[in-house]
Amino acid sequence: MHFSELGLNAEIQRAVAEQGYDTPTPIQQQAIPAVLAGHDLMATAQTGTGKTAGFTLPILHRLATGANDRLTRIARTPRVLVLTPTRELAIQVEESVRTYGKHLPVNSLAVFGGVGINPQIANLRRGVDILVATPGRLLDHVQQRTVDLSGIEIFVLDEADRMLDMGFIRDIRKIIALLPAQRQNLLFSATFAPEIRELAGSLLKHPVAVDVAPRNTAAETVKQQVIETNREQKKELLKHLFETRGLHQVLIFSRTKHGADALARMLDKAGIKAAAIHGDKSQGARTRVLSEFKEGKLVALVATDIAARGIDIDALPYVINYELPNVPEDYVHRIGRTGRAGMEGEAISLVCHDERPQLRDIEKLIKRSLERVVIEGFEQSAVAAPRPPQPPRSPRKPQGQGKPSGQKPASRGNRPQQHHSGNRHR
Ligand code: AMP
């Protein structure tokens, strides 16, 4: 399928072609016709699927060609509202609107907290067609009467699951109450947990459902490797991989914020430029780290699952799972960060004994077994059938001699059940 078959406005098609895209992604193929037809939409899709263009393109088309065609630089009240959980995502979405709407006379603006409100007020006064906002700051504007939501024709809730995780449900409900009853609603979420379904039920009218969870796409296109090793050797192994494989622009996943910080420090000390990104970092720090990573000043970025969701980088070459996620779907989200849009990507998972249950769950979900690789000097020792110690290759002490008493670090998590606590929304 080609973009030209979607019937989008010629100026929008021109902007898409300038981006070098000719084939719509699966979510775009499904979402664009539904939105163009005026339907409400309930889409399961995460970052990396092309979801942003999936709603931005048809929205621009509707603004430019709809019955209410009054695209003008002096729009007094916004016609489209996109709510996003984070400032980063708000910026990214608004950038997409600019990119795809660059040949149309459309005004867009992102408003979010953590920065001065006055420049936003001045921009709102100039007239905005498409407003992208985080909930808290939008409500500040509502309170100060610097925004009028009574003219909203299309409402988009992006990353709804994350919004709920972040405790925005009351703000969202307040905002929805300010919108005109007659409008089109689009809801995007990576998961459809019961709370999201409940929200969808009250928000959407006869929605078209689109599901492009990357279940098979990413799992099939990304080259995946499992390196079996011991928990205590993972740090050395990680350094070894950087030294021997010439890795660059690597997104490393850690299960905890604390772990992410520790890993970034360890790599940095070893001369591999790295930084951590997670929810405890200030917006400023996150934005800075992200742009350094994009520019190639940082070789590695260590992230938690939640923090990584807001990261938008084209064609990320490598993802390393330093630890496997507790929830198998997160594995698919993680590896979906690489090999996007037809680019080559590689995902490497460092797996120790106590992560075997997670690995099993992942393989069950993606319906294939992953290639196991053994790296000399970092071989996984047998726990069930103890083996004599392996000769050390790395400067660190060999671990995992097979005696439970000698395996302090492993004792932390060697009960498989502990890994199924389902705390994906930490
Ligand atoms: P998103 O899921 O919206 O964060 O988009 C993921 C990335 O894919 C973005 O960097 C887009 O620029 C890119 N992208 C979106 N649509 C296409 C397409 N049809 N072909 C190639 N790349 C795309």
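## The sheet

Seven strands line up in the order 10-11-9-12-13-8-14 to make an open sheet, and their pairing is parallel. At the edges sit strand 10 (274-277) and strand 14 (371-373), each of which pairs on one side only. If you look along this sheet, neighbouring strands are turned against each other by 25 degrees on average, direction ignored. Keep in mind as you explore that this is a predicted model.

## A closer look at strands 8 and 14

Let's zoom in on one pair. Strand 8 (residues 223-228) joins strand 14 in the parallel sense, over three bridges. Try finding Val226 in your view: this residue stands opposite Arg372 in strand 14.

## A helix on the sheet

Now turn to helix 12 (residues 257-269), which packs on the sheet. Which strands does helix 12 touch? The contacts are with strand 9 (250-253), strand 10 and strand 11 (300-303). The direction of helix 12 makes about 170 degrees with that of strand 10.

## Two helices meet

Helix 12 also has a helix partner, helix 11 (residues 234-245): their axes come within 11 Å and cross at roughly 50 degrees. Angles from 65 to 115 degrees would count as roughly perpendicular and those under 35 as roughly parallel, so helix 11 and helix 12 are oblique to each other. The crossing of helix 11 past helix 12 is right-handed.

Which residues make this contact? From helix 11 come Lys235, Leu238, Lys239 and Phe242, and they meet Leu263, Met266 and Leu267 in helix 12. Sorted by character, five of the contact residues are nonpolar, two are charged and none is polar.

Conventions
Residues are numbered from 1 along each chain as its sequence is written. This is a predicted model: local features need pLDDT of at least 70, side-chain atom pairs count only at pLDDT 80 or more; totals for chains, interfaces and linings use all residues. Side-chain values use heavy atoms; hydrogens and water are left out. Two strands pair if DSSP finds at least two bridges between them. Helices (H or I, at least four residues) and strands (E, at least two) are DSSP runs, numbered from the N terminus. Axes are lines fitted to C-alpha atoms, for helices over the stretch in contact, and angles run from 0 to 180 degrees between N-to-C directions. Contact means heavy atoms within 4.5 Å. Angles under 35 degrees count as roughly parallel, over 145 as roughly antiparallel, 65 to 115 as roughly perpendicular and the rest as oblique. A crossing is left-handed if the near helix is turned anticlockwise from the far one by less than a right angle, and right-handed if clockwise. Ala, Val, Leu, Ile, Met, Phe, Trp, Tyr, Cys and Pro count as nonpolar, Asp, Glu, Lys and Arg as charged, and the others, Gly among them, as polar.
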